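The exercises below are meant to be worked through with the sequence and the structure in view. Each task is followed by a solution that goes step by step.

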Amino acid sequence: MLKGKKIVLGVTGGIAAYKAVDLTSRLKKAGADVCVVMTEHAQEFVRPLTFKEISGHKVATSMWAGNAEFSVEHIALAKWADLYLVAPATANIIAKMAHGIADDLLSTTLLAMKGPVILCPAMNTDMLENQATVANLTALRHRGVTVMPPAEGMLACDTVGGGRLPEPRDIVSFVDCFLGENGGDLAGLKIMVTAGETQEPVDPVRFIGNRSSGKMGYAIAKAAASRGADVLLIAGSVNLHDPFGVKIIKTVTTEEMLDACLKNYDKMDVVIKAAAVADYRPAKATPQKIKKGDEALSLSLVKTPDILAELGAKKKDQILIGFAAETENLIENAKKKIGKKNLDMIVANDITAEGAGFNADTNVVRFIFPDGKVLPLEKMDKADVAERLLDIMIADLRAYRKK
Ligand code: PMT
């Protein structure tokens, strides 16, 4: 995602400084090279040694400490960085930046930085809403500084409101959207992704569902957003964190998912249906809990609508990509679905294979095209499957459509 990107992470003195440790680790895992700069106050919360061990670089803490890696450190660091990320950014550093004050290493490197800067403000709600802070942030935005909106919730000062540092995974997604290696190649495209299971109620406590976790669909939505697409995620029942920068409609039943898909279909350029949709539902959900009675209980089931087939029938210019979860005759069964549902491509997964299908973090898939071509991929993280799927979509399917 951030492979080869050089990021200076400025850590200032707020309680959320501890989250910057996780953030450093996540940025590294995403492929970035991270150099940390800390203020004196930040060092009261977390020791530089922790960041040194995780980032693999000496932590810059003082104008006078010297650094063998970067001579004239404040200038060299600013020149080295593709991005300067300040997280957490206190009201103090925001005020200093707004007024060009450079009285320590962090503020001096920021003043020397010609490249992009992202601030992640984190502070008490009243401080955030104070007119001075509001004016400082506005001034910085006008100068081209990007401000990631703070999250809301319980703050360290025991109040509830805005001013929380967003979760490190969301900051990484934000940075990725801003700086991702794919550089926004999906910008301008509207993409709808479905994910997770649908649930069909039997009674108020029971339902017919399946083992889909939503990980595959969420990975696609997240990857598409980080490559600049305008993404609408239609989610079934999942227990996953909402991906940053993605609009979400939450649904439970197949009917609800169908309704959400149809309402938004006409606006879309691409639809990717990774959701595992129930094929049948109870003919009638009982309003009261079904009591234990005879040895056997029969449920009468009726077919649910096939959402993908309906979208295929209504298709105009959209690129329509389905998934096929198979336990036997993978390619043959998947190929039949391409024709039946009028698809541009199907992603077939043999869900009996090790590391493939439901709930795994990895998947083993084959991309199958209407002309019968099959492109097999090795086992990889769902995030990587998502990137490969989007690569194929943008390179082949879109180019083909333009002919
Ligand atoms: O969510 P995870 O735990 O990460 O697991 C990922 C996954 C295994 C769910 C995913 O990779 C996958 O294979 N999704 C499709 C599952 C499925 O329902 O396959 P199917 O072969 O039954 O359906 C074929 C296609 O028709 C799918 O795109 C499905 O969304 C769609 N469909 C099916 C039935 C129906 N009533 N309406 C539909 O739209």
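**Exercise 1.** How many bridges join strand E3 to strand E4, and do the two strands run parallel or antiparallel?

*Solution.* The model to be read here is a predicted one. Begin by locating strand E3 at residues 83–89 and strand E4 at residues 117–121; the two are joined by 4 bridges and run parallel. For one particular pair, take Leu85, whose bridge partner in E4 is Ile118. Next, widen the view to the open sheet of 5 strands, which has the order E2-E1-E3-E4-E5 and parallel pairing. Its edge strands are E2 (33–38) and E5 (146–147), each of which pairs on one side only. As background, the strands of a sheet pair through backbone hydrogen bonds, and this pairing may be parallel or antiparallel.

**Exercise 2.** Find which residue of E17 is the bridge partner of Phe323, and describe how far strand E17 is covered.

*Solution.* Start with the pairing of E16 and E17, which run parallel and are joined by 6 bridges. Within this pairing, Phe323 has Val347 of E17 as its bridge partner. Then turn to strand E17 itself, which spans residues 345–350 and is mostly covered, since 5 of its 6 residues are buried.

**Exercise 3.** Describe the surroundings of the ligand, and state which element gives the most to the shell around it.

*Solution.* First, the ligand is surrounded by 29 residues, and the closest are Ser212, Ser213, Lys337, Asn349 and Asn359. Sorted by kind, the residues of this shell are 13 nonpolar, 9 polar and 7 charged. Second, helix H10 (215–226), helix H12 (307–313) and strand E16 (319–326) each supply at least two residues of the shell, and E16 gives the most, with 4 residues.

Third, look at individual atom pairs. A polar side-chain atom of Lys337 lies 2.5 Å from an oxygen atom of the ligand, while an N or O atom in the side chain of Asn349 is 2.6 Å from a ligand oxygen atom. Gly214 takes part through its backbone, where an N or O atom lies 2.7 Å from an oxygen atom of the ligand. Finally, the ligand on its own has 770 Å² of accessible area, and the protein covers 96% of that.

**Exercise 4.** Is Thr304 buried or exposed, and what does its side chain reach?

*Solution.* Place the residue first: Thr304 sits in the loop between strand E15 (301–303) and H12. Its relative accessible area is 9%, and because buried means under 20%, Thr304 counts as buried. The side chain of Thr304 reaches the backbone oxygen of Ala278 at 2.6 Å. Leaving aside residues up to four places away in sequence, Thr304 touches Glu200, Thr254, Ala278, Asp279, Tyr280 and Arg281.

**Exercise 5.** Summarise the chain as a whole, beginning with how many helices and strands the secondary structure comes to.

*Solution.* The secondary structure comes to 14 helices and 21 strands. Taken along the principal axes, the C-alpha atoms fill a box of roughly 75 × 55 × 40 Å. Of the 403 residues in the chain, 50% are buried. For the surface, the accessible area of the chain comes to about 19500 Å², and carbon and sulfur atoms account for 51% of it. As a last step, consider the contacts with a separation of 6 or more: 67% of them are between residues 24 or more positions apart.

Key: Residues are numbered from 1 along each chain as its sequence is written. This is a predicted model: local features need pLDDT of at least 70, side-chain atom pairs count only at pLDDT 80 or more; totals for chains, interfaces and linings use all residues. Side-chain values use heavy atoms; hydrogens and water are left out. A residue is near a molecule or strand if one of its heavy atoms lies within 4 Å of it. A polar contact is a pair of N or O atoms within 3.5 Å; within protein, one must be able to donate a hydrogen and the other to accept it, and residues adjacent in sequence count only if both atoms are side-chain atoms. Accessible areas come from the Shrake-Rupley method with a 1.4 Å probe; for residues, only the protein chains shown count as cover. Ala, Val, Leu, Ile, Met, Phe, Trp, Tyr, Cys and Pro count as nonpolar, Asp, Glu, Lys and Arg as charged, and the others, Gly among them, as polar. Buried means under 20% relative accessible area, exposed over 50%, partly exposed in between (1.4 Å probe, protein chains only). Contact means heavy atoms within 4.5 Å. Two strands pair if DSSP finds at least two bridges between them.
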